Amino acid sequence: MQLDQLDRAVVEGFAGRVVRKDLVRQVKVGANVPVYVLEFLLGKYCATDDPFSIEAGLMVVNQTLKDNFIRPDESELAKARVKQRGQLRLIDKVDVRLLASEDKFWAHLQNFGDKFVHVPEHLVYKYDRLLQGGAWCQLDLVYDAAADEAQKRPFYIRALKPIQVAAFDLDEFIEGRRRLSRDAWLDLVMRTIGLEPGEYDLRGKLVAVCRLLPMAERNFNLIELGPWGTGKSFVYRESNPNAILISGGKVTVAQMFINMSTGRVGLLGTWDVVAFDEVAGLQVSDPTVVNMLKDYMESGSFARGKEEVPAEASVVLVGNTSRPHCDLVREAHLFADLPKVMIDPAFLDRLHYYLPGWEAPKLEARLFTDHFGFVSDYFAEALRQVRKQSFVRAVDDEFALGDHLSARDEKAVRKTVSGFLKILHPHGEWTRSELREYLEFALEGRRRVKEQLKKLAAHDYAKTAFSYIERDTGQEHWIDVAEQPDDLAADLHVETQQVSPATPADAAPTSDTATEQLIAGGESKLVEFKQTARVNIHTHKRDPVLELMVVKTVAGFMNAEGGSLLIGVTDTGEVAGIEADIKTLGRRQTTDGFALWLNNLLDKALGPTAASLVRISFESHADQTLSRVDVAPGKEPTFAKGTKGEADFYVRLNNATRRLNTSEALNFIRTRWS
């Protein structure tokens with residue numbers, strides 16, 4: 001193998017922390033052990049670029065596996081060797097349980113096939129993962145058949161070392177990241193999971209790295225469905241000792257949450273990631289499992305018995321699709337291959353990201369890397385360390401999220417962006433363009449979830465026009481999903497056919513409808529809710545982007561059939577009031593002051609003629625004041641002026657306000673006002 005510039009940089013910057021991935025594949029053949037176990041040995045004996053040292057190290061690794069690793073069908077032979085020699089060094093998975101009736105810890109060696117192996121208590125307390133599902137270890141086993149034992153249990157663990165990074169320095173890891181560009185670091189991450197970045201474009205790399213998000217972001221819920229053979233489950237099964245992969249079978253409450261008979265916490269309280277492989281074949285006979293999982297995916301805790309148990313495990317669903325995704329989109333929905341008990345909108349709405357597995361190529365020889373990548377257990381520990389950080393507010397300095405995103409949508413997008421930043425920018429530095437890439441990728445994945453929910457429950461999940469706004473320019477960008485092209489052209493055609501003739505302001509289509517009725521009917525083509533018009537509910541400060549959204553909505557109504565904007569009402573129809581907005585109005589902290597501010601805003605952005613089509617009123621609901629803005633359709637096109645003097649054309653389509661490009665606007669205007 002010829003070392004490239006990235007190889008030389010990482011060998012120098014992360015000495016002893018990287019390994020050649022082609023060596024891993026070479027040793028993996030015939031050794032049925034997880035990749036991180038092999039890389040533990042390769043990192044110990046082959047962490048060099050000297051070919052002679054690598055050759056010698058490979059001999060040691062292969063001999064170690066030959067002498068120490070046993071297959072399950074060799075368990076009785078291994079027991080005989082321990083008895084014969086008195087001592088044997090093994091590589092095996094060890095899990096420990098406390099047998100209260102004997103007041104003693106017992107170890108279970110998976111391949112060795114013995115559930116009653118003596119283990120020193122100090123090792124149990126030192127490595128608590130042994131009590132939480134177990135860990136692969138290198139251990140020294142001795143044989144001592146005590147004569148006074150009523151039941152012979154002669155195997156004793158004398159020494160034990162988990163196969164994972166012994167010490168991790170996050171500052172050293174971050175400093176190593178600073179020495180590389182984003183693109184070089186992204187390539188290194190790709191090589192770490194065994195893929196050659198030169199075979200992928202940027203989107204392909206982000207799709208691959210997206211599989212790592214549940215490892216870096218706490219309580220991140222991911223689904224990936226697609227064709228077989230694309231490596232969907234590899235990173236959860238092989239490359240991270242902090243993740244567990246459940247392949248099909250029956251899932252129980254005791255297994256996932258708490259076993260009430262023993263009090264033992266289940267998988268969600270034990271692992272960083274719980275992934276369900278071949279999810280279509282998952283057997284969930286007890287609907288309680290899905291209901292509890294639904295609550296856990298939302299809150300990050302579960303109740304079983306009297307206590308609430310917090311946990312940080314991410315939930316991953318992976319599986320194959322029964323038909324091409326384009327057929328599923330056209331004839332059914334992209335969740336069609338899940339078990340019926342999981343095709344519940346409330347459950348699916350907890351998913352933060354739908355990763356399009358059909359975009360990942362089927363794995364073949366050319367896609368695997370022969371270069372250096374991080375030793376898997378070292379990188380796994382890095383991901384575990386950055387889980388403690390949070391970049392969920394990172395987008396706020398540069399961008400604002402569009403008004404079609406619900407609170408749950410916004411949470412999903414923020415967590416996805418945060419995960420990418422933790423993996424690719426653990427040092428906390430990134431450019432605006434890089435942040436935009438992650439934001440658009442995050443919006444797309446969440447919209448893919450929302451579009452399928454719209455098919456299952458159209459009324460509850462009608463708002464799918466996802467967008468973001470540049471804070472400095474006010475420019476709004478809409479995000480589409482590739483497999484479901486935006487139907488803007490069709491909407492425009494329907495809109496131009498249905499628009500009624502222009503009418504005076506007092507004859508706007510919804511002006512005579514009671515406000516309570518508008519709220520009860522929810523958002524629609526003629527009704528829009530805004531929780532605030534000025535104050536950002538996250539920063540509690542005035543936000544010009546929110547003012548722009550009000551202007552857009554009013555302009556959109558004017559260019560369509562008119563409508564009513566209710567300020568002080570949340571997306572779910574709860575009256576929040578405009579009191580927070582009023583407090584930002586200086587000396588005029590009254591409803592009159594609010595009306596004056598809003599009139600001035602619309603007059604400046606839309607012009608006096610358009611502003612005259614607006615009627616502002618106030619009503620009290622549940623001790624909260626809301627502002628109702630009734631808008632009449634305009635007699636001529638209305639353009640909204642931006643912060644830099646540009647003029648944009650907006651129109652209300654279905655239950656969304658959309659900006660049209662020049663061609664679309666000209667066609668719409670020609671038809672609408674001809």
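Biologist: How many helices and strands are there in the protein chain?

Modeller: There are 25 helices and 26 strands. Keep in mind that this is a predicted model. Along its principal axes, the C-alpha trace spans about 100 × 60 × 50 Å.

Biologist: What share of the residues of the protein chain counts as buried?

Modeller: Of the 674 residues, 57% count as buried. A residue earns that word when its relative accessible area is under 20%.

Biologist: What share of the contacts joins residues at least 24 apart?

Modeller: Take the contacts between residues at least 6 apart in sequence: 71% of them join residues at least 24 apart.

Biologist: Let's try single residues. Why is Glu224 called buried?

Modeller: Its relative accessibility is 0%. The cut-off for buried is under 20%, so Glu224 counts as buried. You will find Glu224 in strand 7.

Biologist: What does Glu224 touch?

Modeller: Not counting residues up to four places away in sequence, Glu224 touches Arg211, Lys232, Leu317, Val318, Gly319, Leu355 and Gly357. Glu224 also stands opposite Val318 in strand 14. As for Thr321, which is 97 residues from Glu224 along the chain, the two C-alpha atoms are separated by 9.7 Å.

Biologist: In which sense do strand 7 and strand 14 pair?

Modeller: Strand 7 (residues 221–226) and strand 14 pair in the parallel sense, over 6 bridges. At least two bridges are needed for a pair, so these strands qualify. Strand 14 is also joined by 4 bridges to strand 11 (residues 273–277), and those two strands run parallel. One example is Val274, whose bridge partner in strand 14 is Val315.

Biologist: What makes strand 14 largely enclosed by the rest of the structure?

Modeller: Strand 14 covers residues 314–320, and 6 of its 7 residues are buried, so the rest of the structure largely encloses it.

Biologist: Which helix can I reason about in that way?

Modeller: Try helix 16 (residues 376–386): 9 of its 11 residues are buried, so it too is largely enclosed. Among the buried ones are Tyr378, Phe379, Leu383 and Val386.

Biologist: How many cavities of 30 Å³ or more does a search of the whole structure find?

Modeller: The search finds 5. The largest cavity has a volume of about 60 Å³.

Biologist: Which residues line the largest cavity?

Modeller: The lining is made of Thr192, Ile193, Leu212, Met215, Ser239, Asn240, Ser376, Phe379, Ala380 and Leu383. Helix 16 gives the largest share, 4 residues. By type, the lining divides into 6 nonpolar, 4 polar and no charged residues.

Biologist: Now to another sheet. What makes strand 17 and strand 19 edge strands?

Modeller: Start with the sheet itself: it is open, has 3 strands in the order 17-18-19, and its pairing is antiparallel. Strand 17 (399–401) and strand 19 (476–478) each have a single partner strand, so one side of each is left without a neighbour in the sheet. On average, neighbouring strands here are turned by 25° against each other, direction ignored.

Biologist: How many bridges join strand 18 to strand 19?

Modeller: There are 3 bridges between strand 18 (residues 467–470) and strand 19, and the two run antiparallel. Ser467 stands opposite Trp478 in strand 19.

Biologist: Which helix packs on the sheet?

Modeller: Helix 18 (residues 432–456) does, touching strand 17, strand 18 and strand 19. The direction of helix 18 makes about 160° with that of strand 18.

Biologist: How do you know whether His621 is buried or exposed?

Modeller: Its relative accessibility is 12%. That value falls under 20%, so His621 counts as buried. His621 is found in strand 22 (residues 614–621).

Biologist: And why is Asp103 called exposed?

Modeller: Exposed means over 50%, and Asp103 has a relative accessible area of 63%, so the word fits. Asp103 sits in the loop between strand 2 (87–99) and strand 3 (104–109). Asp103 also has a positive phi of about 55°, although it is not a glycine.

Biologist: Why does Glu278 count as partly exposed?

Modeller: Its relative accessibility is 39%. Partly exposed lies in between the 20% and 50% cut-offs, so Glu278 belongs there. Glu278 lies in the loop between strand 11 and helix 13 (287–299), and its phi is near 45°, a positive value in a residue other than glycine.

Note on methods
Residues numbered from 1 in each chain as written. Predicted model: local features only at pLDDT ≥ 70, side-chain atom pairs only at ≥ 80, totals over all residues. Heavy atoms only, no water. Buried < 20%, exposed > 50% of the residue type's maximum accessible area, 1.4 Å probe, protein only. Axes fitted to C-alpha atoms, helices over the stretch in contact; angles between N-to-C directions. Contact = heavy atoms within 4.5 Å. 1 Å grid on protein atoms, 1.4 Å probe; cavity = no way out; pocket = protein on both sides within 12 Å on 5 of 7 lines; lining within 4 Å. Points joined across faces, edges and corners; volume = space filled by probe spheres on them. Nonpolar A, V, L, I, M, F, W, Y, C, P; charged D, E, K, R; others polar.
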